[in-house]
Amino acid sequence: MIIYKEYSGRNLIKELCFDDLVMIELLYLLQESVFSLKDLVCELEKLLEQKSIKVCVETVKIHLTQLYNEGIVYYSSDFSQITAVIVLDKNMRALCMKK
């Protein structure tokens, strides 16, 4: 699980909890590089194959839209350039994937 907190000054203005493995891997991938939708889905498939988790373009688009609406991910209108604007602790990735 990843908990994202956003502050303005000392005031908490946003708190999000990510416990879905697809969403977590998506965030980690997007902080490393800019992807097209096709490449992103391929990378997610490779990462989640060991967990027997299937992903499809529509599922990824839904996750991207949710993250975009929270201001965490940005993408072009044709999904050719997708990236995250947050940086996650790389040490937490292994803990999240133990599920």
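A polar contact, as the term is used on this tour, is a pair of N or O atoms within 3.5 Å, of which, within protein, one must be able to donate a hydrogen and the other to accept it. The model on screen is a predicted one, and the stops below run from a loop serine to the salt bridges.

**Ser36 and the loop between H1 and H2**

Select Ser36, which sits in the loop between H1 and H2, and display its side chain together with the backbone of Asp39. The side chain of Ser36 reaches the backbone nitrogen of Asp39 at 3.2 Å, a polar contact because that distance falls within 3.5 Å. If residues up to four places away in sequence are not counted, Ser36 touches Phe79, Ser80 and Ile82, and two of the next selections are taken from that part of the chain.

**Phe79 and Asp78, between S3 and S4**

Move to Phe79, in the loop between S3 and strand S4 (82–84). Its relative accessibility is 14%, so Phe79 counts as buried. The backbone deserves a check here, since the phi of Phe79 is near 60°, a positive value in a residue other than glycine. Most residues other than glycine have a negative phi.

Now select Asp78, which is placed in the loop between S3 and S4 but, at 54% relative accessibility, counts as exposed. The side chain of Asp78 has a polar contact of 2.8 Å with the side chain of Ser76, and a polar contact of 2.7 Å with the side chain of Ser80. With Asp78 still selected, add Lys38: the two residues are 40 residues apart along the chain, and their C-alpha atoms are separated by 11 Å.

**Helix H1 and its cap**

Select residues 21–32, which make up helix H1, a run of 12 residues that reaches 17 Å from its first C-alpha to its last, close to the 16 Å expected at 1.5 Å a residue. At the N-terminal end of H1, Asp20 acts as the cap, with a side-chain oxygen lying 3.1 Å from the backbone nitrogen of Val22.

How many of the 12 residues of H1 are buried? The count is 11 of the 12, so the helix is largely enclosed by the rest of the structure. Among the buried residues of H1 are Leu21, Val22, Met23, Ile24, Glu25 and Gln31, which can be coloured as a group before the next step.

**His63, in contact with H1 residues and Asp20**

Keep H1 displayed and select His63, a residue of helix H3. His63 has a relative accessible area of 12% and is therefore buried. Leaving aside neighbours within four places in sequence, His63 is in contact with Asp20, Val22, Met23 and Leu26, and this list includes Asp20, the capping residue of H1.

**Where H2 meets H3**

Display H2 and H3 together, and view the place where they pack at an angle of about 105°, with their axes 10 Å apart. The two helices are therefore roughly perpendicular to each other. On the H2 side the contact is made by Leu37, Leu40, Val41 and Leu44, and on the H3 side by Val57, Val60, Lys61 and Leu64.

Then follow the chain into the loop between H2 and H3, where Ser52 is found. Its phi is near 55°, again a positive value in a residue other than glycine. Ser52 has a relative accessible area of 63% and is exposed, whereas Phe79, the other positive-phi stop on this tour, is buried.

**The salt bridges**

A search of the whole structure finds 2 salt bridges. For one of them, select Glu43 and Lys46, whose closest N and O atoms are 3.3 Å apart. Both residues lie in helix H2 (residues 37–48), 3 residues apart, which is about one turn of the helix. An α-helix has 3.6 residues a turn, so residues three or four places apart point the same way. Glu43 is partly exposed, with a relative accessible area of 28%, while Lys46, at 54%, counts as exposed.

For the last stop, select Glu70 and Lys14, whose side chains meet in a salt bridge with an N to O distance of 3.4 Å. This pair links distant parts of the chain, 56 residues apart: Glu70 is in the loop between helix H3 (57–69) and strand S3 (73–75), and Lys14 is in strand S2 (residues 11–18). Glu70 has a relative accessibility of 30% and so counts as partly exposed.

Notes: Residues numbered from 1 in each chain as written. Predicted model: local features only at pLDDT ≥ 70, side-chain atom pairs only at ≥ 80, totals over all residues. Heavy atoms only, no water. Salt bridge = Lys/Arg side-chain N within 4 Å of Asp/Glu carboxyl O. Helix = DSSP H or I, 4+ residues; strand = E, 2+ residues; numbered from the N terminus. Buried < 20%, exposed > 50% of the residue type's maximum accessible area, 1.4 Å probe, protein only. Expected span 1.5 Å × (residues − 1). Axes fitted to C-alpha atoms, helices over the stretch in contact; angles between N-to-C directions. Parallel < 35°, antiparallel > 145°, perpendicular 65-115°, else oblique. Contact = heavy atoms within 4.5 Å.
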